[in-house]
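Please open the structure in a viewer and keep the selection tool at hand. The stops below are meant to be visited in order.

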Amino acid sequence: MLVQDRAAKSQMREIRRFSEPKSLDFSTWVSENLSRIVVISLSIVTILAFFFLYNTTDTASLLCFQTQSTQSLQPLTRPQIKWNSIRVLPDKASPYSTFVTEKWIVVSVTNYPTEELKGLVKIKGWQVLAVGNSMTPKDWSLKGAIFLSLDAQAELGYRVLDHLPYDSFVRKSVGYLFAIQHGANKIYDADDRGEVIGGDLGKCFDVELVSEPMLQYSHEDPNRTVVNPYIHFGQRSVWPRGLPLENVGEINHEEFYTEVFGGKQFIQQGISNGLPDVDSVFYFTRKTTLEGFDVKFDEHAPKVALPQGVMLPVNSFNTLYHSSAFWGLMLPVSVSSMASDVLRGYWGQRLLWELGGYVAVYPPTAHRFDRIEAYPFAEEKDLHVNVGRLIKFLLVWRSEKHSLFEKILDLSFAMAEEGFWTEQDLKFTSAWLQDLITVGYQQPRLMSLELDRPRANIGHGDRKEFVPRKLPSVHLGVEETGTVSTEIGNLIRWRKNFGNVVLVMFCNGPVERTALEWRLLYGRVFKTVVILSSRKNSDLYIFNRYSSAEGFLFVEDDTVLNYWNLLQADKTKIWTTDKVSKSWTSVKPTGKSDWFSVQAELVKRTVSTMPAHFQVNYKEAAKNNLDALTVCSSEVFYVPKRLVTDFVDLVDLVGDMDLHYKVAVPMFFMSMDSPLNFDPVLGSMVYKKKSSSFNSSLSLYSAQAPAVHPWSISSEQDFIKLVGQMAEGDPLLMELV
């Protein structure tokens with residue numbers, strides 16, 4: 001919002017007072033006051049013209065002039081609340097009146113449940129609360145989540161309901177109150193397109209506060225009031241939504257950090273991979289195509305705290321709040337939707353200092369998928385015009401009140417006076433604080449403000465060093481591949497395509513002989529390389545460990561993967577060798593006790609116990625040859641993320657049956673999806689029967705094929721020869737040898 005000109009208001013009141021009419025005949029009055037009317041009219045026109053011309057030289061001032069014309073000229077009144085008269089009231093209206101739990105995830109929902117939201121429901125120990133609005137489908141439902149429709153919200157009787165728009169995510173404020181009323185002491189503020197990395201919030205944040213040392217930004221420079229945390233986590237050219245645009249060019253990393261004891265990081269901001277929290281300026285200037293962003297941050301960078309006097313943008317979709325900061329969850333209602341959570345974050349940080357608390361930032365805790373939706377610049381105007389001035393205002397603001405809630409009212413009143421938000425948010429703050437007491441929240445005690453104390457000098461022994469990595473990014477709408485050599489550009493392109501795909505290698509020989517070589521060969525391109533020495537159900541742990549991966553590519557160690565020829569493959573489909581006749585074959589069992597007949601009987605028994613949708617898929621795929629047994633050597637195949645759960649369920653269904661993997665894997669694929677939907681990318685791989693020598697493999701290799709089988713590696717010399725062959729497709733591989 002924009003600054004209100006008190007002088008202009010006073011001047012308008014003076015004009016209205018001066019121009020009050022006397023009780024005279026109109027014609028007589030005009031004749032007696034004609035000269036005055038002319039003088040006054042000319043004066044008014046001159047003043048208005050000057051005011052207009054002056055303000056048009058400043059965009060912010062012009063907006064201010066436009067805003068003032070619509071605002072009430074009545075002076076603001078600070079709410080007076082009798083705190084002791086507010087009663088604590090239990091929830092008697094909802095079906096969950098007796099439900100109590102400590103850890104909540106609060107999301108706003110507009111559409112039907114997303115896959116990411118379904119993942120949030122599976123996080124153990126946390127209760128998902130979905131808050132609807134006027135655009136939410138009436139039949140919205142998700143097993144494991146509590147859903148608050150508009151009707152259900154109205155039944156709760158909160159004061160804030162009188163101030164909330166019907167069609168906005170800021171209705172999450174109702175959800176926060178509901179969670180607090182039902183026992184919350186931790187609230188994870190999330191959205192429905194964010195996937196928690198690893199599926200465990202306890203591994204991402206400090207869910208339990210412990211007093212242990214952590215890095216802190218230095219307060220040595222008194223002129224630095226805001227930081228870009230993305231630099232600390234490896235992305236210098238990316239900035240968060242809400243960072244003043246005048247600070248975007250500050251891309252140097254910290255010369256040094258200090259240290260602070262943990263335990264009071266009551267607001268914990270997580271970093272998001274994929275589509276991080278960026279503003280429309282970044283979103284529209286940093287890419288040239290409709291391709292979604294997939295930004296990666298350094299997952300190994302340490303968490304970092306902020307000292308009093310230094311701020312950063314805080315959002316509403318990947319942030320953990322502890323109970324001491326629950327008052328700071330209030331989302332303003334009089335500003336644009338893209339500004340609401342950012343203004344809340346700066347407002348909350350300043351008030352958090354009154355409790356001796358602080359904000360800390362954590363390495364990637366979530367992955368958000370870019371749906372390539374427009375970022376409306378108009379919705380951010382409150383940020384770009386005012387956020388820098390807001391930070392300066394908050395640093396000098398002081399209150400003499402002796403309770404936190406009174407200080408909160410003081411600050412909200414001052415921000416309304418300054419035009420950062422309107423009187424509507426002042427009234428909303430009053431309702432919010434009263435509702436907090438009604439749902440049983442107890443305001444924390446104040447502590448002395450460190451800002452008003454002399455800052456201690458930072459000695460050499462107090463300095464802590466950490467040099468952030470410089471990770472690949474995009475710059476001014478130009479892909480990095482256009483600014484570097486072709487070889488480096490290709491590597492970046494491959495990494496961008498496969499950087500969230502896990503490569504799983506089955507090693508038939510001693511793992512210690514070849515594990516390092518395989519990781520060197522493929523680790524540059526894929527998210528990670530997992531080496532397995534056997535095929536066991538216990539190996540399914542990889543799906544949970546890398547739950548944020550786009551998919552899993554399985555390769556035998558006797559098969560070479562030419563990743564540069566896999567770029568066109570669809571990562572949402574199954575890849576297998578069903579088009580390679582020597583790998584994927586059908587065998588007619590004899591009906592006797594031979595191996596194929598035994599395996600065929602096990603397949604029939606397994607299929608008969610499958611859920612209906614798996615049975616239908618399998619029988620449809622095998623309808624032309626139901627009596628045949630499909631066998632696949634499974635040297636290489638890919639399982640997309642969307643089918644991982646199905647794959648795991650089918651593996652569990654087989655259990656301890658003596659079903660060979662060469663039979664089980666094609667059965668799984670035919671049960672999960674129709675072969676017509678398989679991606680044919682592996683259909684052109686080079687596939688021969690087992691070779692008798694390494695030299696015969698050399699003549700077999702082709703850099704134009706997606707994969708080559710067989711290829712045996714048993715020594716470092718074999719690996720060097722393989723690299724020499726593969727360098728035709730990836731010349732940078734020669735740097736490995």
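The tour of this predicted model visits a sheet and then two cavities.

**The sheet**

Begin by selecting strands β15, β20 and β19, which form an open sheet in that order, with mixed pairing. Residues 560–561 make up β15 and residues 686–687 make up β19; these are the edge strands, each pairing on one side only. Next, select residues 707–709, strand β20, which pairs with β15 in the antiparallel sense over 2 bridges. To view one such contact, display V560 together with V708, its bridge partner in β20.

**The largest cavity**

The model holds 4 cavities of 30 Å³ or more, and the largest has a volume of about 90 Å³. Select its lining: P229, Y230, P240, Q269, G270, I271, S272, P276, D277, P313, N315 and F317. Two elements, α8 (229–232) and β8 (267–274), give two or more residues to this lining, and β8 contributes the largest share, 4 residues. Coloured by class, the lining shows 7 nonpolar, 4 polar and 1 charged residues.

**The second largest cavity**

Move on to the second largest cavity, which encloses about 40 Å³ of space. Its lining consists of L120, Y188, A190, D191, G194, E195, V196, S272, F317, N318, A366 and R368. Keep S272 and F317 displayed from the previous stop, for they line the largest cavity and the second largest cavity as well. Strands β4 (186–190), β5 (194–196) and β11 (359–368) each supply at least two lining residues here, and β5 gives the most, with 3. By class, this lining comprises 6 nonpolar, 3 polar and 3 charged residues.

Definitions and conventions:
Residues numbered from 1 in each chain as written. Predicted model: local features only at pLDDT ≥ 70, side-chain atom pairs only at ≥ 80, totals over all residues. Heavy atoms only, no water. Pairing = 2+ DSSP bridges. 1 Å grid on protein atoms, 1.4 Å probe; cavity = no way out; pocket = protein on both sides within 12 Å on 5 of 7 lines; lining within 4 Å. Points joined across faces, edges and corners; volume = space filled by probe spheres on them. Nonpolar A, V, L, I, M, F, W, Y, C, P; charged D, E, K, R; others polar.
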